[in-house]
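Biologist: Hey, could you walk me through this one? I'd like to know how the chains meet.

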Number of protein chains: 4
Amino acid sequence: MNNQKWHETKIRIRYKDTDRMGVVYYGNYLTFFEVARAEFMRDLGLPYSQMESEGFSLAVIEAVAKYHANVGYDAVVTVKTMLSAPGKVRIRFDYRVFDEEGKLLVDGHTMHACIGENMKPKRIPPHLHKVVQENIST
Amino acid sequence: MNNQKWHETKIRIRYKDTDRMGVVYYGNYLTFFEVARAEFMRDLGLPYSQMESEGFSLAVIEAVAKYHANVGYDAVVTVKTMLSAPGKVRIRFDYRVFDEEGKLLVDGHTMHACIGENMKPKRIPPHLHKVVQENIST
Amino acid sequence: MNNQKWHETKIRIRYKDTDRMGVVYYGNYLTFFEVARAEFMRDLGLPYSQMESEGFSLAVIEAVAKYHANVGYDAVVTVKTMLSAPGKVRIRFDYRVFDEEGKLLVDGHTMHACIGENMKPKRIPPHLHKVVQENIST
Amino acid sequence: MNNQKWHETKIRIRYKDTDRMGVVYYGNYLTFFEVARAEFMRDLGLPYSQMESEGFSLAVIEAVAKYHANVGYDAVVTVKTMLSAPGKVRIRFDYRVFDEEGKLLVDGHTMHACIGENMKPKRIPPHLHKVVQENIST
């Protein structure tokens, strides 16, 4: 695995993100995954908002998260994100969330299907495919 | 005030609704207000989803909440909701949220402007205006 | 699989649950899973809030969701929930979310570890273990 | 009004923040207010997380938001935050949320009561009182 291929995004934990256990509610990591892949795509020169305005979306078809440790209010987590080799229609992001001491909190992935405005599967557009190919781990 | 005009909706507090204080996060009461006015409109025979499919929305232009007491996970709160005399474009809902012992937790209101699909103000449609008139407190 | 072992919970989609695609945001299904397992445990006579007041929690250690179809505002979804054979510390819930026509929207599971007030793993208490054993699919 | 007294925080709109109208859900502005006042307090040298670890909280007792215009996914909003002259127990933050072109989207305020670990009102501690006095608009 080529560590240079991991993109990093930092997110500060909001009071809203916590639950009565005093830590981040488990479902909120899927929001952090969203933020991380959006920042990754922006840094690749392909902001997701631009993709949608060009008529295609990356609908989530699978989300997996494994929880190893907790983190609470006001902590800053780092989400490392990686792209995998894309298929014709599918694309996968992997995530690892770390706390400020570098402890792994959560890892997981999301699988996406490229869809057009009619919500039907659509081939990943060439400029996205090319950028992903250039940025996958090998 | 005519108590018969208050509509009631019950909502159970989810783990997701709580924060690390162990109580409902303050912003989530605006979601409870949304649920309460949607159920009120449904019981008036005017589901909000139907209104939107007919081409108009009730955009929130003001939201106010006053917090008197807290409530935690798994409690069931009752949201009492009341309509006020509508203007040509505006409509107001008042809310009072109570716990299971009848203690007032939060009260507040939302003011809405009727807008069309172009996001411009639009006269409240006659069938909504009529139903509201029949259900306001006097 | 014994269908009698599936517990059912109905949830109405709130405006808050939707995103700009017009459908439920993918992460919110983890909240629906939470609601469904809480209602399941309540119907088993073991409300989760009572478990926590007795000093143990079921921390989520894994969450998986597969997305098959979308659903939008004001729809009522049915979450079917099933328990699996518990380990000494672990317990698993499986979920299937259906729309009003019975179409499968999302399925997935959560794996939990029983922990004590010190956040350390703790044997699942006998009364929970017994109830789970009696309610698993075989 | 002394503009130097307004603190600024930037927040990027997440997909999670939007609803099916394609804009930020009204209740989420209360989360943005939370983020803004936390960053303000951090910049004043009094991180809110530190306040809580010292045994007092600033419970919200009133929240008001007025909605003037909408903003959608991936926009960056600026939240300007200001402190008012504190009472013995109460403290008030005012907020103005602007889009990237400087258009006012939402304004509002939150009123807080200082409370101790027993959830009872507590005098605002001197170091907070002093910092607030030095940073209010006059």
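**Confidence and contacts**

Modeller: Sure, starting with confidence: within chain A, helix α3 (residues 126-135) of chain A has the lowest, with a mean of 88, while strand β1 (residues 7-12) of chain A has the highest, at 98. Here pLDDT is the predictor's confidence in each residue, from 0 to 100. Helices (H or I, at least four residues) and strands (E, at least two) are DSSP runs, numbered from the N terminus. This is a predicted model, so local features need pLDDT of at least 70 and side-chain atom pairs count only at pLDDT 80 or more, while totals for chains, interfaces and linings use all residues. Residues are numbered from 1 along each chain as its sequence is written, and chains are lettered from A and ligands numbered from 1 in the order in which they are written.

Biologist: Cool. What's the mean pLDDT of chain A?

Modeller: The mean is 93, and 96% of the residues of chain A reach 70 or more. For the complex, the predictor gives an ipTM of 0.94 and a pTM of 0.96.

Biologist: How many residues does chain A put into the contact with chain C?

Modeller: Chain A gives 14 residues, and chain C gives 14 residues. Two residues are in contact if their C-beta atoms, placed from the backbone, lie within 7 Å.

Biologist: And which element gives the most on chain A's side?

Modeller: That's β2(A), with nine residues on the side that touches chain C. That side of chain A has nine nonpolar, three polar and two charged residues. For those classes, Ala, Val, Leu, Ile, Met, Phe, Trp, Tyr, Cys and Pro count as nonpolar, Asp, Glu, Lys and Arg as charged, and the others, Gly among them, as polar.

Biologist: In what sense does β2(A) pair with the strand of chain C?

Modeller: Antiparallel, over five bridges, with strand β2 (residues 56-67) of chain C. Strands pair if DSSP finds at least two bridges between them. A:Glu62 stands opposite C:Lys66 in β2(C).

Biologist: What turn lays chain A on chain C?

Modeller: A turn of 180°, with a shift of 0.0 Å along the axis and an RMSD of 0.0 Å. So the two copies are related as by a two-fold rotation axis. A:Val64 has the C-alpha of chain A nearest the axis, 2.2 Å from it. The copies are superposed by least squares on the C-alpha atoms of residues with pLDDT of at least 70 in both.

Biologist: Switching partners, how many residues of chain A are in contact with chain D?

Modeller: 10 residues of chain A, and they meet 10 residues of chain D. α1(A) gives the most to that side of chain A, with three residues.
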